[in-house]
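This report describes selected local features of one protein model. Please keep the sequence and the structure in view while reading.

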Amino acid sequence: MVAEPSTCVRLNSLLPVAEDLRGSLVERAEGVPWSPDAFILPADMSAAVGHSLEYRLGGLYVQAKATTLAVVVLDPRPGQLVLDLAAAPGGKATQIAAALGNSGLLVANEPGARRRPALVGHLERCGAHNTLITGAPGSMMARWFHNVFDRVLLDAPCSGDGILCKDRHMLAWWSPEDARRKSVQQVGLLRAAFHMLRPGGRLVYSTCSLSTEENEDVLLGLVKRYGELVDIEPAAGVAASGLAADAAARYPAAFGGCVRVWPHEHATEGAFVAAVGKRGATEWEPVEGDTGRRLAGPPPDPDPAGMADRIGERWGFAPEVPAGQELVAGRRHLHLRPAGAARLRGEFPWFVRTGMRVAGLHKGALHLSQQAVALWGHLVPERRLDLSWPQVEGLFRGEEVALPSPPAGEVICFYGSHPVCRAVPGGEGRLRGYLSKVSRTDRLQGLFR
């Protein structure tokens with residue numbers, strides 16, 4: 001019997017707190033062979049991770065070991081245009097954002113309205129501002145985007161037979177018929193994903209299923225539709241697919257480059273990963289226009305209102321606006337966003353939101369958001385306040401904490417080298433912290449205290 005997989009965490013390299021944690025994780029945890037940012041936690045740390053300060057500040061993401069492989073094979077690079085076609089709850093999307101270094105553009109699409117808030121929350125917690133979040137049915141995206149993305153990830157909805165080691169109750173409703181029904185949907189999604197990939201780009205198709213019906217048979221459907229345009233590439237990271245010789249013989253020889261993560265061999269959930277290249281452009285007649293071209297357009301004015309200077313005047317540092325992004329003040333908030341993505345508002349019917357809220361604007365004052373504190377709080381030269389662990393626990397419970405000498409104005413609170421939140425003086429010698437609701441917990445712990 002395969003043991004239930006251990007807890008795996010991935011360092012979120014977008015935030016400075018992650019590098020502070022790397023040494024401790026290397027010393028205390030087991031590394032994942034194919035991902036230098038992923039670690040298997042020892043049993044005594046696993047239960048604490050979700051309520052840990054390190055997780056709540058965005059430095060860690062809890063992600064199954066097997067699922068990190070798809071993005072490693074995808075190999076997104078800074079400056080690229082990347083589509084995650086079925087992005088919730090956000091593990092692979094945040095991994096892509098980190099690989100891009102908050103440059104380029106990540107289109108994170110999730111058609112399920114109930115699943116979308118988790119995606120939004122994780123991208124915010126991890127400090128990703130190079131994002132466009134959309135809610136289109138996956139196959140419909142191809143009506144607007146044609147041969148445009150450098151990288152496309154399709155982590156397809158599947159029967160989930162690869163995660164039986166984690167949830168054996170799935171056997172109560174899993175069936176071969178369900179897997180075959182899923183494969184019909186998967187073929188349509190994969191064809192749409194391939195259509196949106198630019199020639200010379202890379203598409204990764206992944207599932208948490210180990211059956212050929214949802215994996216090789218789906219790839220075969222793509223090859224039958226597009227023939228020589230499809231290039232099945234070797235997917236590095238683990239050994240080859242592991243199909244028996246008679247099963248492998250039913251498919252083209254190139255399918256041997258696909259990989260499976262087997263629970264009994266890799267002590268994790270099961271997964272399938274295939275890398276697909278595109279040798280030429282698919283000639284689909286645009287149905288709704290070529291929205292993808294709008295993502296480029298002329299370079300924006302990165303900071304038309306000089307808001308970075310205003311932040312510098314108040315906090316002593318000016319955030320850098322990456323190429324292709326803009327710092328834009330609205331009526332109530334200041335946003336850092338990809339300019340190309342903002343052009344799609346009102347044009348693309350499944351536009352949800354783009355960029356990251358940097359600050360709130362109120363009566364001429366500028367108040368840094370929790371995400372901005374996590375990204376840039378370490379750059380603040382003054383207006384800093386060091387707190388004890390009991391004081392930090394109080395802030396995360398949503399309480400005002402007592403101080404012998406309260407600050408005269410707004411400050412950034414620190415615990416050690418970690419910026420925790422923005423805070424202001426409260427009543428009667430107390431401090432009021434501004435932590436996002438999703439960050440709060442009454443069971444705060446420290447993994448490496």
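## Basis and terms

A salt bridge is taken here as a side-chain nitrogen of Lys or Arg within 4 Å of a carboxyl oxygen of Asp or Glu. The model is predicted, so local features need pLDDT of at least 70 and side-chain atom pairs count only at pLDDT 80 or more, while totals for chains, interfaces and linings use all residues. Residues are numbered from 1 along each chain as its sequence is written, and side-chain values use heavy atoms, with hydrogens and water left out.

Three further terms recur. Buried means under 20% relative accessible area, exposed means over 50%, and partly exposed lies in between (1.4 Å probe, protein chains only). Helices (H or I, at least four residues) and strands (E, at least two) are DSSP runs, numbered from the N terminus. Contact means heavy atoms within 4.5 Å.

## Helix α5 and its flanks

Helix α5 spans residues 91-100 and is mostly covered, with 9 of its 10 residues buried. The buried set consists of G91, K92, A93, T94, Q95, I96, A97, A98 and L100. After the helix comes G101, which has a positive phi near 65 degrees.

On the other side, P89 belongs to the loop between β5 (81-84) and α5. The peptide bond joining A88 and P89 is cis, with omega about 5 degrees.

## The K92–D155 salt bridge

Within α5, K92 forms a salt bridge through its side chain with D155, at 3.1 Å from N to O. This pair links distant parts of the chain, since K92 is in helix α5 and D155 in strand β8 (residues 149-155), 63 residues apart. K92 counts as buried at 12% relative accessibility, whereas D155 is partly exposed at 23%.

## V71 in helix α4

V71 is part of helix α4 (residues 68-74). With a relative accessible area of 4%, V71 is buried. When neighbours within four places in sequence are left aside, V71 is in contact with P76, K92, Q95, I96 and L153. Of these partners, K92, Q95 and I96 are among the buried residues of α5. The C-alpha atoms of V71 and S35 are separated by 9.4 Å, and these two residues are 36 apart along the chain.

## Other salt bridges

How many salt bridges does a search of the whole structure find? The search gives 17. One of them pairs R77 with D75, where the closest N and O atoms are 2.7 Å apart. R77 is partly exposed, at 47% relative accessible area, and D75 is also partly exposed, at 27%.

Another salt bridge brings together the side chains of E410 and R422 (2.5 Å, N to O). E410 is in the loop between β19 (401-402) and β20 (411-415), and R422 is in strand β21 (residues 418-425), so that the pair links distant parts of the chain, 12 residues apart. Both residues, E410 and R422, are buried. In addition, E19, R22 and D37 are joined into one network by salt bridges that share partners.

## Positive phi outside glycine

N147 is not a glycine, yet its phi is positive, at about 50 degrees. N147 is in the loop between β7 (131-134) and β8, and is partly exposed at 21% relative accessibility.

K363, again not a glycine, has a positive phi of about 50 degrees. K363 is located in the loop between β16 (356-362) and β17 (365-368). With a relative accessible area of 79%, K363 is exposed.
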